[in-house]
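Visitor: I would like to learn how to read helix packing and burial from a model. Please take me through a case.

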Amino acid sequence: MRHGEAENLRRDDKSRSLTDFGCTQAVHTSRWLAKYTPDHAIDLALVSPYQRTRQTFDMMTADNKFSEMQLCSDIVPEGNTQQAHDLLDVLLSQTRKIPVKNVLVVSHMPFVSYFVDELCRTQRTALFATGSVAVIRYSLCRQYGELLEHFQG
């Protein structure tokens, strides 16, 4: 998922907050995404440490229940998608009390576009509007996924 609309750059990029419209986008996407998860439960959220992604995640909790949230500095705008893919595989393969089946990644452009390409082994580089999300059915055994739907919040 890409974060909701953020305020213009006035200070450093990491501190930019969501606009009112960005909050509305995140809530709208949260409602839409809830149809993909049983009981609206998401096992793990990986969230960029930037202010706007943390706020987007907070808005996502309105309609979804999260078992765990981790701030992840690997998924910032200039993050390495192959490294993030490896991290996801490690997290999915770990033995836990609650197995990780549903993951939400809240990040930025251009990372989200390249990450979808990395996970799905494609070269589409789809543009993500603010507040949009891609749903991917991922196979840990094959280490790649299939894009099921791309919702433009």
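Guide: What follows goes through two helix pairs, one helix face and one loop residue. Keep in mind that this is a predicted model.

Visitor: At what angle do α1 and α2 pack, and how far apart are their axes?

Guide: Helix α1 covers residues 20–33 and helix α2 covers residues 51–60. They pack at an angle of about 45 degrees, and their axes are 8 Å apart. Angles of 35 to 65 degrees fall between roughly parallel and roughly perpendicular. The pair α1 and α2 is therefore oblique. In addition, α1 passes α2 in a right-handed crossing.

Visitor: Which residues in α1 and α2 meet?

Guide: From α1 come C23, A26, V27, T29, S30 and L33, and from α2 come T56, M59 and M60. By type, the residues of this contact are six nonpolar, three polar and no charged.

Visitor: How does one read the buried face of a helix?

Guide: Start from the helical repeat. An α-helix has 3.6 residues a turn, so residues three or four places apart point the same way.

Visitor: Which residues of α2 are buried?

Guide: R52, T53, T56, F57 and M60 are buried in α2. Viewed down the axis of α2, these buried residues lie within an arc of 140 degrees, so they line one face of the helix. They pack against α1 and against three strands, β1 (41–47), β2 (65–71) and β3 (103–106).

Visitor: Now the other pair. At what angle do α3 and α4 pack?

Guide: Helix α3 (residues 81–93) packs on helix α4 (residues 111–120) at an angle of about 60 degrees, with axes 9 Å apart. An angle counts as roughly perpendicular from 65 degrees. Helices α3 and α4 are therefore oblique to each other, and their crossing is right-handed.

Visitor: What kinds of residue make up the contact of α3 with α4?

Guide: On the α3 side are T81, Q82, A84, H85 and L88, which meet F111, Y114, F115, E118 and L119 in α4. The residues of this contact divide into six nonpolar, three polar and one charged.

Visitor: Last, a loop residue. Where is L140 found?

Guide: L140 sits in the loop between β4 (133–139) and β5 (144–151).

Visitor: Why is L140 classed as partly exposed?

Guide: Because its relative accessible area is 31%, and the partly exposed class lies between 20% and 50%.

Visitor: Which residues is L140 in contact with, leaving aside its neighbours within four places in sequence?

Guide: L140 is in contact with D89, L92 and S93. For a separation in space, take Q70: L140 and Q70 are 70 residues apart in sequence and 20 Å apart, C-alpha to C-alpha.

How values were computed
Residues are numbered from 1 along each chain as its sequence is written. This is a predicted model: local features need pLDDT of at least 70, side-chain atom pairs count only at pLDDT 80 or more; totals for chains, interfaces and linings use all residues. Side-chain values use heavy atoms; hydrogens and water are left out. Axes are lines fitted to C-alpha atoms, for helices over the stretch in contact, and angles run from 0 to 180 degrees between N-to-C directions. Helices (H or I, at least four residues) and strands (E, at least two) are DSSP runs, numbered from the N terminus. Angles under 35 degrees count as roughly parallel, over 145 as roughly antiparallel, 65 to 115 as roughly perpendicular and the rest as oblique. A crossing is left-handed if the near helix is turned anticlockwise from the far one by less than a right angle, and right-handed if clockwise. Contact means heavy atoms within 4.5 Å. Ala, Val, Leu, Ile, Met, Phe, Trp, Tyr, Cys and Pro count as nonpolar, Asp, Glu, Lys and Arg as charged, and the others, Gly among them, as polar. Buried means under 20% relative accessible area, exposed over 50%, partly exposed in between (1.4 Å probe, protein chains only). The arc is that of the directions from the helix axis to the C-beta atoms.
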